Amino acid sequence: MNTFINDDTGETLYAEDLPIFATPIIVTKYNNHNDHEFEAFKKVDRKPESWFTSVNTTFPDVKLDDPYISSDLVEEVKKGLLNHTKKVMDAYNMPADIRFSSFWYNAYYEGQGQEPHNHLSPSNINPFWCGIYFAKNCFDGQLTFSKTDYSLRTQQVCDWNVSNVNGYYNELFIANIPNGHVVYFPPHLQHCVQVGKENRHKMRLTFSFNLAINRDAYLPDEYFRNEPVSSRVGNSSA
Ligand SMILES: [Fe+2]
C-alpha cells in the first residue's frame, strides 16, 4: 500500500492501484544463441498474399528445400528453442509438454516489416503461446505490441499523462529486446515490426513460432482427446 501525505494538511492517505487484467509477456535469454551461425542473404519479398508489408517470410513453416537457410540449421534452431521453451514453461509452472504448431523465420532489410497482426487462428484452433527469437541484427524499437481495447480512453478527459496511473493508459509497448533473446506472448496480442535504415546493409533475422500443448499429457479424458480442437496439425517436434 502506498502512503500519500498531503503537503498542506499533513494528512496521511493509504492507497494502492492494482494492475488487474494485465497481459503477460516473458522475455528470456536464450543460452544456445551462440551455438547457431546465421549467414545473411539477399533482400527478398516473400510474403503470403494476405499480408501487406514486404518481408521475406516462410510462414507458416520452413520448407525442407528453403533456398536461404538449410534444413539442418532450421532443425538445430528448432530443437534448441523447443528445449529452451520447455524450461521456460517449467520455470513458470505452465505446461511443458508442448510442440511447435508453426515455426518460421522472417528476414528483413530497410523498408520491410510487418503490419499490426496477432496470431489468432481464423479456424479457432489457437496457439497456447507464441514466441519470437531475435537471431540477428534486431534493434531496439522495431517490435511494438499494441493494445486493442481502448476502453481506458474514457479516463482521458483530464491531463492523464501526469496522473499516477498513467502507465495504465499506454496503448503501445515498444520492445527493446536484444539479439539472443526470446520473447513469449499470448496469441491475441497485437504486434508489428518496422525496420529502417539501421538494417540497410544488415539483415534482421527472427524465428517465430506458435506453441501447442500436447493435450494428451494434460487431458487424458477420451472426450477431450477426440474433440476437433485437439489439433494434431503442423509439425511435431516434441
Ligand atoms: Fe507475429
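Two helices and 12 strands make up the secondary structure of this protein, which is seen here as a predicted model. Along the sequence these elements follow the pattern β-β-β-β-α-β-β-β-β-β-β-β-β-α. The C-alpha atoms fill a box of roughly 75 × 55 × 35 Å along the principal axes, and of the 238 residues 23% count as buried. Among the contacts with a separation of 6 or more, 82% are made by residues 24 or more positions apart.

**Helix α1 and the nonpolar core**

The helix α1 has 21 residues and reaches 30 Å from its first C-alpha to its last, close to the 30 Å expected at 1.5 Å a residue. Its buried residues are V74, V77, L81, T85 and M89. Seen down the axis of α1, these buried residues fall within an arc of 100 degrees, so they line one face of the helix. An α-helix has 3.6 residues a turn, so residues three or four places apart point the same way. The face of α1 turned away from the buried side carries the exposed residues D72, K79, N83, D90 and A91. What covers the buried residues of the helix includes β5, β7, β10 and β12. After α1 comes N93, which has a positive phi near 55 degrees.

The largest nonpolar core has 35 residues, and those with the most contacts inside it are L81, Y133, V182, F207, F209 and L211. At least two residues of this core are supplied by each of α1 (71-91), β5 (98-108), β7 (130-136), β10 (181-185) and β12 (204-213). One of the residues with the most contacts inside the core, V182, can be followed further: leaving aside its neighbours within four places in sequence, V182 is in contact with T28, Y30, L81, H84, G131, I132 and Y133.

**The loop before α1**

Between β4 (56-57) and α1 lies a loop that holds D66. With 15 C-beta neighbours inside 10 Å, D66 counts as partly exposed. From D66 to K78 the separation is 12 residues in sequence and 15 Å in space, taken from C-alpha to C-alpha.

**Strand pairing**

Four strands form an open sheet in the order β6-β11-β8-β9, with antiparallel pairing. The edges are taken by β6 (113-117) and β9 (172-175), each of which has a single partner strand, so one side of each is left without a neighbour in the sheet. On average, neighbouring strands of this sheet are turned by 20 degrees against each other, direction ignored. In a regular strand the side chains alternate between the two faces of the sheet.

Two of the antiparallel pairings are set out below, β8 with β11 and β1 with β2.

| Strand | Partner strand | Bridges |
|---|---|---|
| β8 (residues 143-146) | β11 (residues 190-194) | four bridges |
| β1 (residues 2-5) | β2 (residues 12-15) | four bridges |

Within the pairing of β8 and β11, T144 stands opposite C192 in β11. In the pairing of β1 and β2, N2 stands opposite A15 in β2. The hairpin of β1 and β2 has six residues between the strands, and G10 takes a positive phi near 80 degrees there.

Conventions
Residues are numbered from 1 along each chain as its sequence is written. This is a predicted model: local features need pLDDT of at least 70, side-chain atom pairs count only at pLDDT 80 or more; totals for chains, interfaces and linings use all residues. A nonpolar core is a set of buried Ala, Val, Leu, Ile, Met, Phe, Trp, Tyr and Cys residues joined through C-beta atoms within 7 Å. A residue is buried if 20 or more other C-beta atoms lie within 10 Å of its own, exposed if 12 or fewer, and partly exposed in between; C-beta atoms are placed from the backbone. Two residues are in contact if their C-beta atoms, placed from the backbone, lie within 7 Å. Two strands pair if DSSP finds at least two bridges between them. Axes are lines fitted to C-alpha atoms, for helices over the stretch in contact, and angles run from 0 to 180 degrees between N-to-C directions. The expected span of a helix is 1.5 Å times one less than its number of residues. The arc is that of the directions from the helix axis to the C-beta atoms.
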